[in-house]
Amino acid sequence: MDANTLLERQESILRDLGALRVMKKGTVTHQRVAAKPSRGKARSVRGPYPLLTWKEKGRTRSVRLKTNEEVAWAERAIANYRRFIDLCREYESLAERLALRQREEKRDSAEQALKKRRRSPSSSRPK
C-alpha cells in the first residue's frame with residue numbers, strides 16, 4: 001500500500017470508531033441453577049438463565065439478563081467492543097507502517113542530498 005492508501009484507511013477507521021457508541025467487554029453465557037433436594041426428591045435444575053459476564057479489576061462480574069431484548073443489547077454491545085479492538089489494532093499497524101515508511105523516505109532523501117553534494121563541484125575551489 002502506498003502512503004495515501006494507508007492514510008485513507010486510517011481516516012476510514014477513525015470514522016468507524018466514531019460510529020461506535022455502545023460497547024461492553026464480556027460474554028453472554030447461560031447459567032443453570034441446581035435447586036437443593038427436598039425430602040427424597042432429586043435435585044432439579046432450573047434455567048438456563050442468560051448472563052452478561054466480564055472481568056473488572058481482576059474479578060469476574062455478572063449480571064442476569066432478564067429479557068430477550070437485554071440479551072440482544074448485550075450481544076450488540078459485545079460485538080461493538082470486539083470491533084473497537086480490531087479497529088484499534090489495525091490503526092496501530094497502519095501507524096507503524098507509516099512511521100517506518102516516513103523514516104525510509106527521510107533516509108533516502110538525505111542519501112540523495114549527500115550524493116548530489118559529492119557530485120557537484122565545490123564553489124570554494126579556486127579556478
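**Close-up views of a predicted model**

**View A. Pro-48 has its place in strand S2.** The structure shown here is a predicted model, and this view centres on the peptide bond between Gly-47 and Pro-48, which is cis, with an omega of about 10°. Strand S2 itself covers residues 45-56 and runs antiparallel to strand S1, residues 27-34, to which it is joined by seven bridges. Among the residues that face one another in this pairing is Thr-27, which stands opposite Thr-53 in S2.

**View B. Strands S2 and S3 pair in the antiparallel sense.** Six bridges hold the pairing of S2 with strand S3, and strand S3 is made of residues 59-64. Two pairs of partners can be followed in this view: Leu-51 has Arg-64 in S3 as its bridge partner, and Glu-56 stands opposite Arg-59 in S3. Where does Lys-57 lie? Lys-57 is found in the loop between S2 and S3, in a hairpin that has two residues between the strands. Its phi is near 55°, which is a positive value in a residue other than glycine. Lys-57 also counts as exposed, because its relative accessibility is 83% and the exposed class begins over 50%.

**View C. Glu-56 and Arg-61 meet in a salt bridge through their side chains.** The distance from N to O in this pair is 3.8 Å, and the pair counts as a salt bridge because the cut-off is within 4 Å. Arg-61 is found in strand S3. Both partners are partly exposed, Glu-56 with a relative accessible area of 35% and Arg-61 with a relative accessible area of 32%. For a sense of how the chain extends from here, Arg-61 and Arg-118 are 57 residues apart in sequence, while their C-alpha atoms are 68 Å apart in space.

**View D. Glu-90 forms a salt bridge with Arg-9.** The closest N and O atoms of Glu-90 and Arg-9 are 2.7 Å apart. Glu-90 lies in helix H2 and Arg-9 in helix H1, residues 3-19, so the salt bridge ties together parts that are 81 residues apart in sequence. Are these two side chains buried, partly exposed or exposed? Glu-90 counts as partly exposed, at 30% relative accessibility, and Arg-9 is partly exposed as well, with a relative accessible area of 23%. Both values fall in the partly exposed class because buried means under 20% and exposed means over 50%. As a general point, side chains of opposite charge can pair when their charged atoms come close.

**View E. Asp-16 forms a salt bridge with Arg-83.** Here the closest N and O atoms are 3.3 Å apart. This pair links distant parts of the chain, with Asp-16 in helix H1 and Arg-83 in helix H2, 67 residues apart. Asp-16 counts as partly exposed at 28% relative accessibility, and Arg-83 is partly exposed with a relative accessible area of 38%. How many salt bridges does a search of the whole structure find? The search finds three, and the pair of Asp-16 and Arg-83 in this view is a salt bridge, as are the pair of Glu-90 and Arg-9 and the pair of Glu-56 and Arg-61.

**View F. Glu-104, Glu-105, Asp-108 and Glu-111 form a negative surface patch.** One of these residues, Asp-108, lies in helix H2, which consists of residues 68-119. Asp-108 counts as partly exposed, at 37% relative accessibility. A residue can belong to a patch of this kind if it has over 30% relative accessible area and no salt bridge, so the value for Asp-108 is on the accepted side of that cut-off.

**View G. Met-23 lies in the loop between H1 and S1.** With a relative accessible area of 32%, Met-23 is partly exposed. What distance separates the C-alpha atoms of Met-23 and Trp-73? These two C-alpha atoms are separated by 9.6 Å, although the residues are 50 residues apart along the chain.

Methods:
Residues numbered from 1 in each chain as written. Predicted model: local features only at pLDDT ≥ 70, side-chain atom pairs only at ≥ 80, totals over all residues. Heavy atoms only, no water. Patch = residues over 30% accessible without salt bridge, like charges linked within 9 Å, V, L, I, M, F, W, Y side chains within 5 Å. Areas by Shrake-Rupley, 256 points an atom, 1.4 Å probe, with all protein chains shown as cover. Lys, Arg positive; Asp, Glu negative; His and termini not counted. Charge placed at Lys NZ, Arg CZ, Asp CG, Glu CD. Helix = DSSP H or I, 4+ residues; strand = E, 2+ residues; numbered from the N terminus. Buried < 20%, exposed > 50% of the residue type's maximum accessible area, 1.4 Å probe, protein only. Pairing = 2+ DSSP bridges.
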